[in-house]
Structures are given as structure tokens and as C-alpha cells.
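Colleague: Could you take me slowly through one part of this model, the place where charged side chains meet, and then show me what lies around it in the chain? I am new to reading structures, so please explain each step as you go.

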Amino acid sequence: VQLQASGGGLVQAGGSLRLSCAASIRTSSSNAMGWFRQAPGKEREFVAGISWSGRQYYAVSVKGRFTISGDNAKNTVYLQMNSLKPEDTAVYYCAAKADSVSYYTYEYNFWGQGTLVTVSS
């Protein structure tokens, strides 16, 4: 299984970015996809997840600002990030696992290489 994350970059606070994660597995099968992020000196944390049925899950810190979605025809998952804040600066990773969404990194079997998001104040 391969996951390819892209779409990171430098943006000013209040701006938007859309991350993409292209998967070599069918996102419509019984898999869950998640986005995580890791800021310098911090542990990797859950950001958002989407189940095979399309149910969405969000960390409290991003709820209302970020939206996760999937395009099953393209086996791609997106993370639309709006109203970005400097504290959103991190390397963002997409991940995949079987069955349901989890908030825990150790439950994900497959990881993309990460894409850097930098939000300037």
C-alpha cells in the first residue's frame, strides 16, 4: 500500500490550503483514512479521519475549520484547511487502516511521506 500526500506550502494566517492523499488502495473498501500532523518537538496527533462509509471525525482544535473528504473514483482523500492559524504549522501525514477510524497513530498500518504546512502570522 502506498500513500502519497501533497498540497502543503506556506500560507498566511487566515488562509486556506487543500491537502491530497492519493492511495494505492480502494478508498471505498473497508478502510479508514486519517490525517495526522506533527509539529517540531511535539508528538504526532490526529487531525481528521474518514471511514469507508464517509463518516467524518475531527480533532477539537480543527473542527469547523478543516474538512476531510474522499473521492473514491480517484482513491484520493482530501483535507481542506480554512482559517489557518500559526499553530497549525506542522508536517501533515495521511494514513490508512482497516475498518474504522482511530485517533491513535499506532493503529494505522500505512503512512504517506508527509507534506509541510507552514502558517505565518
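Modeller: A salt bridge is counted here when a side-chain nitrogen of Lys or Arg lies within 4 Å of a carboxyl oxygen of Asp or Glu. Please keep in mind throughout that this is a predicted model. With that cut-off, a search of the whole structure finds 3 salt bridges, and the place to begin is the one in which the side chains of arginine 37 and aspartate 88 meet, with a distance of 2.9 Å from N to O. Arginine 37 belongs to strand β4, which covers residues 31-38, whereas aspartate 88 sits in the loop between β8 and β9, so this pair ties together parts of the chain that are 51 residues apart in sequence.

Which other residue does aspartate 88 form a salt bridge with? The partner is arginine 65, and the closest N and O atoms of this pair are 2.7 Å apart. Arginine 65 is placed in the loop between β6 (56-58) and β7 (66-71), while aspartate 88 is in the loop between β8 and β9, so here the parts tied together are 23 residues apart in sequence.

Arginine 37, for its part, also meets the side chain of glutamate 45 in a salt bridge, at 2.7 Å from N to O. If you now put these contacts together, you can see that Arg37, Glu45, Arg65 and Asp88 are linked in a network of salt bridges.

Are the members of this network buried or exposed? A residue is called buried when its relative accessible area is under 20%. Arginine 37 has a value of 6%, so it is buried, and aspartate 88, with a relative accessible area of 1%, is buried as well. Arginine 65 is also buried, as aspartate 88 is, but glutamate 45 is partly exposed, with a relative accessible area of 36%.

The loop between β8 and β9 deserves a second look, for serine 83 lies there too, with β8 covering residues 76-81. The phi of serine 83 is near 50 degrees, a positive value in a residue other than glycine. It helps to know that most residues other than glycine have a negative phi. Serine 83 is partly exposed, with a relative accessible area of 41%, whereas aspartate 88 is buried.

If you follow the chain onward into β9, you come to a disulfide, and a search of the whole structure finds 1 of these. Cysteine 21 and cysteine 94 form the disulfide, with their sulfur atoms 2.2 Å apart. The pair links distant parts of the chain, since cysteine 21 is in strand β3 (residues 17-23) and cysteine 94 is in strand β9 (residues 90-98), 73 residues apart. The torsion about their S-S bond is about 65 degrees, so the disulfide is right-handed, and both cysteine 21 and cysteine 94 are buried.

Beyond β9 comes the loop that leads to β10 (110-111), where aspartate 99 is found. Aspartate 99 again has a positive phi in a residue other than glycine, near 65 degrees, and it is exposed, with a relative accessible area of 53%. Tyrosine 104 has its place in the loop between β9 and β10 as well, and it is partly exposed, with a relative accessible area of 47%. Together, Tyr103, Tyr104 and Tyr106 make a nonpolar surface patch of about 410 Å².

Key:
Residues numbered from 1 in each chain as written. Predicted model: local features only at pLDDT ≥ 70, side-chain atom pairs only at ≥ 80, totals over all residues. Heavy atoms only, no water. Disulfide = S-S within 2.5 Å. Helix = DSSP H or I, 4+ residues; strand = E, 2+ residues; numbered from the N terminus. Buried < 20%, exposed > 50% of the residue type's maximum accessible area, 1.4 Å probe, protein only. Patch = residues over 30% accessible without salt bridge, like charges linked within 9 Å, V, L, I, M, F, W, Y side chains within 5 Å. Areas by Shrake-Rupley, 256 points an atom, 1.4 Å probe, with all protein chains shown as cover.
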